[in-house]
Amino acid sequence: MRWLDERTGIFHLADEALNEPIPGGARWSYVFGSGLLYILLSQIVTGVFLAMYYVASADHAHTTIEYITKVVTAGSFLRSLHSYGSSAMVVTLLVHMGQTYFFGSYKGRREILWLSGLGLFGLVILMAFTGYLLPWDQKAYFATAVGTNIAGEVPLVGNWIKELLRGGTEMGTLTLSRFFVAHVFLIPSCIFLFVGLHVYLFRKAGSAGPVSEHPIMPQQKAEQFYPKQVLMDIAFATVLIGTLGLLAYLYPVGLGPKANPADTSFLPRPEWYYLPMFQWLKYWSGAYSVIGIVVIPGIIALILVVLPFLDRRLERRPWKRPVASFSFAIVFCALLFLGWQSNYQDTNDPSVAKQITKQDSLANAFMTSPFVPEVVGGSTANAAAALSPAAKAGKGVFLDNSCDQCHGENGEGTDKAPALLGAADKLGPDTLVDRLLHPTKKASDAGMDPVDVSDSEFHELVAFLQSLKK
Ligand code: HEC
């Protein structure tokens, strides 16, 4: 250990990390900051494993998530942990922020600390937004379509932002790869930077202690961070692990059918923490939407930013800060009300409720259906390369007898005759042979002659037809 310490200064580092004085002693109410750090860690670990299977393209993203959910060992558990983790992050963050605000812990030379916290809040919200699209199911697609449309409503730069987010006017693979890059590279890098800054500034300012404590020159007897507070933090992290694990195990997160941009009836609903915002925007339509989307949120954000610069009193007790406490209570109740109202409207409008029930049952049906792999190499060249020799020869017979004129070169069907993909499986070998030798009335009316070839050619033809899978 001494050898290591002489080269790295590890004892000093451990000392710095663990011997932080906490005025008034360790408390359960201080566990939320480190709880957030624990959830971040969990999100990174689960996210890395999810990324090992994920493909960020409109063609494959949904299949890869379906594969993770239905086939990969513990894949559904891992994905559910990541999903519940994002909700836990938002909840814990709101508690942490609310507490800092309500108990005046942002006071006394903690302006930049507060700002870095606001920055982290914004980054977490962006993580939730970008992550929501990645499964590329109906819900993901349409919620993000709404989200990017809202961005498009911002005056002057709105359209530019919208196209920047989407990578064009429509949503597709470019949108998905942009969101993926933001979700796994850009935003996380910023988060690491801000977390470093936040923890550093917190240590620099020192723990604020209980509300009765002076925020700059603490008076109360201090207790070291280690061991009591460390143990409390670990206990809280254990509760988080247990809760997230149980939720992920008992209520695995679902996946809906693949996004279908042509479906105009789908009613998108955001993740619960976006519901108040979603409901709020319903109040502002047409020319007024600027007020709801930009002006009022802008004012609230501005108030939060300038708060520690304006509120210079060192008083921290909530009951001595009626304006701050009241505005906190009002905003909190408004958010609860909006969330409740959104839910109320959805359940009480029969047509909306019916559509949402339908969407849910489609998603449930999709979840219980078995995983069907994508057929790799659907293109002509690859399909031919994958054929058995007999089937390959059979393709020659198929073409020589002009079957392709009605059924298409690869049996995909034309307007003259139906596709033959999957027909052999559907009919079974005996009926297939029978249909070739004795075409149905409809077929012969259309001009299909009974197949008249040598025995070996006939076998090859059947082998070819049997190779035509859906
Ligand atoms: C002139 C157009 C035409 C040509 C050429 C033709 N078919 Fe057909 N074929 C049809 C039509 C139309 C049907 C659909 C009959 C029905 O729905 O009952 C059909 C049905 C079939 C079916 C049954 C499919 C099913 O799902 O029941 C098979 C197998 C088939 N054709 C194979 C062939 C083969 C092999 C050749 C070449 C030797 C060929 N056809 C040439 C028009 C054609």
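1. Start with Trp136, which sits in the loop between helix H6 (111-133) and helix H7 (138-152). Helices here are DSSP runs of H or I with at least four residues (strands are E, at least two), numbered from the N terminus. Trp136 is not a glycine, yet it has a positive phi of about 55°.

2. Before you go on, keep in mind that this is a predicted model: local features need pLDDT of at least 70, side-chain atom pairs count only at pLDDT 80 or more, and totals for chains, interfaces and linings use all residues. Residues are numbered from 1 along each chain as its sequence is written, and side-chain values use heavy atoms, with hydrogens and water left out.

3. Now the overall layout. The domain assignment splits the protein chain into domain 1 (17-368) and domain 2 (380-467); such bounds come from an automatic or database assignment. Taken over C-alpha atoms, the centres of domain 1 and domain 2 are 56 Å apart.

4. Have a look at helix H8 (residues 158-166) and helix H9 (residues 173-205): their axes come within 7 Å and cross at roughly 85°. Axes are lines fitted to C-alpha atoms, for helices over the stretch in contact, and angles between N-to-C directions run from 0 to 180 degrees. That makes H8 roughly perpendicular to H9 (65 to 115 degrees; under 35 is roughly parallel, over 145 roughly antiparallel, the rest oblique). H8 brings Glu163, Leu164, Leu165 and Arg166 to the contact, and H9 brings Leu174, Thr175, Arg178 and Phe179. Contact means heavy atoms within 4.5 Å.

5. Helix H11 (residues 275-282) and helix H13 (residues 322-348) pack at about 75°, with axes 8 Å apart, which makes H11 roughly perpendicular to H13. Among the residues that meet are Phe278 and Trp280 in H11, and Leu335 and Leu338 in H13.

6. Which residues hold the iron atom of the ligand? His407 (NE2) and Met448 (SD) coordinate the iron atom, at 2.1 Å. Donors are N, O and S atoms within 2.8 Å of the metal (3.2 Å for Na, K and Ca); water is not among the atoms, so sites may look incomplete. His407 is in helix H17 (residues 403-407), while Met448 is in the loop between helix H20 (441-446) and helix H21 (455-467), 41 residues apart. The six donor atoms around the iron subtend angles of 88 to 179°, so the arrangement is octahedral (for six donors, opposite ones over 155 degrees apart and all others between 65 and 115).

7. Don't miss the peptide bond from Tyr226 to Pro227, which is cis, with omega near 5°. Pro227 belongs to helix H10 (residues 225-250).

8. Last, Ala463 is in helix H21. Leaving aside neighbours within four places in sequence, Ala463 is in contact with Ala390 and Ala391. The C-alpha atoms of Ala463 and Pro276 are separated by 60 Å, with their places 187 residues apart along the chain.

Terms used. Four donors count as tetrahedral if all angles lie between 85 and 135 degrees; four count as square planar and six as octahedral if opposite donors are over 155 degrees apart and all others between 65 and 115; anything else is irregular.
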